[in-house]
Amino acid sequence: MGPDAFLGVEQAVVLDTDVDRAREVATQHVGFYVTRAPHQAANMRRLGFGDEDMAGGRPSRRLVDAIVAYGDVDALHARVREHLDTGADHVCVQVLTEDPAALPLPQWRELAPALLGR
């Protein structure tokens, strides 16, 4: 990339310690991308995921877990930190909730101190 490159990445997160519930929110999010955005499905194939990971609009657990982080504030902070520790200059955090049309204000407020280092 070169010495002056800026690497900005996105990390989708679900702030929820109920793994089944969080994974369901994450699955719906990933399913939307791999069924309605052909370029995203192509990206997933380039990253080593196959048709079995995207069959029927229901992404595999392996694919969902690779793309979306979920858990408590510490778990999400750790996932964001991984990106920064491996060279990202910026991590855009996309907070997912059960209602994709609602602003995740409570989650933003809970995550902000950890993610902003306050």
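## Salt bridges, helix α1 and the surroundings of V91

Across the whole structure, a search finds seven salt bridges. The model is a predicted one, and the description below begins with several of these charged pairs before turning to helix α1, an aromatic pair, a strand residue and a surface patch.

Side chains of opposite charge can pair when their charged atoms come close. One such case involves R21 and D16, whose side chains meet in a salt bridge with an N to O distance of 2.5 Å. R21 also forms a salt bridge with D18, and here the closest N and O atoms are 3.9 Å apart. That distance still qualifies because the criterion for a salt bridge is a side-chain nitrogen of Lys or Arg within 4 Å of a carboxyl oxygen of Asp or Glu. Through these contacts D16, D18 and R21 are linked in a network of salt bridges. The members of the network are not alike in their exposure: D16 has a relative accessibility of 15% and therefore counts as buried, whereas R21, at 39%, counts as partly exposed. D18 is likewise assigned to the partly exposed class, because its relative accessibility is 31%.

A further salt bridge joins the side chains of R58 and E24, with 2.8 Å from N to O. This pair links distant parts of the chain, since R58 lies in the loop between α2 and α3 while E24 belongs to helix α1, and the two are 34 residues apart. Both partners fall between the limits of 20% for buried and 50% for exposed. R58 has a relative accessible area of 45% and is therefore partly exposed; E24, at 31% relative accessibility, is classed as partly exposed too.

Helix α1 itself comprises residues 19-36. Does its length match, or depart from, what 18 residues should span? At 1.5 Å a residue the helix should span 26 Å, and its end C-alpha atoms are 25 Å apart, so the two values agree. Within α1, the buried residues are A22, R23, V25, A26, T27, H29, V30, G31 and V34. These buried positions pack against the strands β1 (8-15), β2 (68-71) and β3 (90-95), and against the helices α2 (38-46) and α3 (61-67).

The structure also holds one aromatic pair. Its members are F32 and Y33, whose ring centres are 5.7 Å apart and whose planes stand at 90 degrees, so the arrangement is edge-to-face. F32 counts as partly exposed because its relative accessibility is 44%, and Y33, at 32%, also counts as partly exposed.

Attention now turns to V91, which is placed in strand β3. V91 has a relative accessible area of 12% and is therefore buried. Apart from neighbours within four places in sequence, V91 is in contact with V9, Q11, V80, H83 and L84. The C-alpha atoms of V91 and L115 are separated by 9.7 Å, the two residues being 24 residues apart along the chain.

Finally, L103, L105 and W108 make a nonpolar surface patch of about 300 Å². Of these, L105 is found in helix α5, which covers residues 105-115. L105 has a relative accessible area of 35% and so is partly exposed.

Definitions and conventions. Residues are numbered from 1 along each chain as its sequence is written. This is a predicted model: local features need pLDDT of at least 70, side-chain atom pairs count only at pLDDT 80 or more; totals for chains, interfaces and linings use all residues. Side-chain values use heavy atoms; hydrogens and water are left out. Rings of Phe, Tyr and Trp (its six-membered ring) pair if their centres lie within 6.5 Å; planes under 30 degrees apart count as stacked, over 60 as edge-to-face and the rest as tilted. Buried means under 20% relative accessible area, exposed over 50%, partly exposed in between (1.4 Å probe, protein chains only). Patches are made of residues with over 30% relative accessible area and no salt bridge: like charges are joined within 9 Å, nonpolar side chains (Val, Leu, Ile, Met, Phe, Trp, Tyr) within 5 Å. Accessible areas come from the Shrake-Rupley method with a 1.4 Å probe; for residues, only the protein chains shown count as cover. Helices (H or I, at least four residues) and strands (E, at least two) are DSSP runs, numbered from the N terminus. The expected span of a helix is 1.5 Å times one less than its number of residues. Contact means heavy atoms within 4.5 Å.
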